[in-house]
Amino acid sequence: QVQLVESGGGLVQAGGSLRLSCEASGLTFSNYAMAWFRQAPGKEREFVTTISGSGRSTYYVESVKGRFTISRDNAKRTVYLQMNSLKPEDTAVYFCAASLRYLGSRYDYWGQGTQVTVSS
């Protein structure tokens with residue numbers, strides 16, 4: 001059974017930082033590109049960033065470029081999202097997801113989400 005478990009969310013002031021983690025089990029982790037999505041209240045879920053299975057390639061949505069960094073440790077089966085210079089508009093539930101295809105449109109597995117709240 002595949003599980004993705006996020007952690008690291010919380011309440012932070014604008015300008016602060018948080019580091020999210022997503023630990024995977026039940027799959028060959030290095031075979032999967034990993035991504036972070038987020039969903040703000042009343043809005044649709046949006047893509048944030050992705051990283052290839054090897055970790056050599058990454059892609060970010062424009063709104064987080066230069067502030068967020070995705071990374072992975074395949075030995076620990078964990079993907080990370082370092083979020084710096086946080087803004088109130090970054091407030092959302094953050095989800096990690098796994099796909100067999102880097103920059104593909106289909107994600108096979110999802111975590112349950114972790115809440116990030118940025119106060120102004």
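**Exercise 1.** In which loop does Ser-85 lie? Locate this residue and describe its backbone and its exposure.

*Solution.* The model is a predicted one, in which local features need pLDDT of at least 70 and side-chain atom pairs count only at pLDDT 80 or more, whereas totals for chains, interfaces and linings use all residues. Residues are numbered from 1 along each chain as its sequence is written, and side-chain values use heavy atoms, with hydrogens and water left out.

Step 1: Ser-85 is found in the loop between β8 (78-83) and β9, where strands are DSSP runs of E with at least two residues, numbered from the N terminus.

Step 2: the phi of Ser-85 is near 50°, which is a positive value in a residue other than glycine.

Step 3: Ser-85 has a relative accessible area of 39% and is therefore partly exposed, a class between buried (under 20%) and exposed (over 50%), computed with a 1.4 Å probe on protein chains only.

**Exercise 2.** Where does Leu-103 lie?

*Solution.* Leu-103 belongs to the loop between β9 and β10 (109-110), and its phi, near 65°, is a positive value in a residue other than glycine.

**Exercise 3.** Which residues form a disulfide?

*Solution.* Step 1: the structure holds one disulfide, a term for a pair of cysteine sulfur atoms within 2.5 Å; Cys-22 and Cys-96 form it, with their sulfur atoms 2.0 Å apart.

Step 2: the pair links distant parts of the chain, 74 residues apart, with Cys-22 in strand β3 (residues 18-25) and Cys-96 in strand β9 (residues 92-99).

Step 3: the link of Cys-22 and Cys-96 is right-handed, with 50° about the S-S bond, and both Cys-22 and Cys-96 are buried.

Conventions
Helix = DSSP H or I, 4+ residues; strand = E, 2+ residues; numbered from the N terminus.
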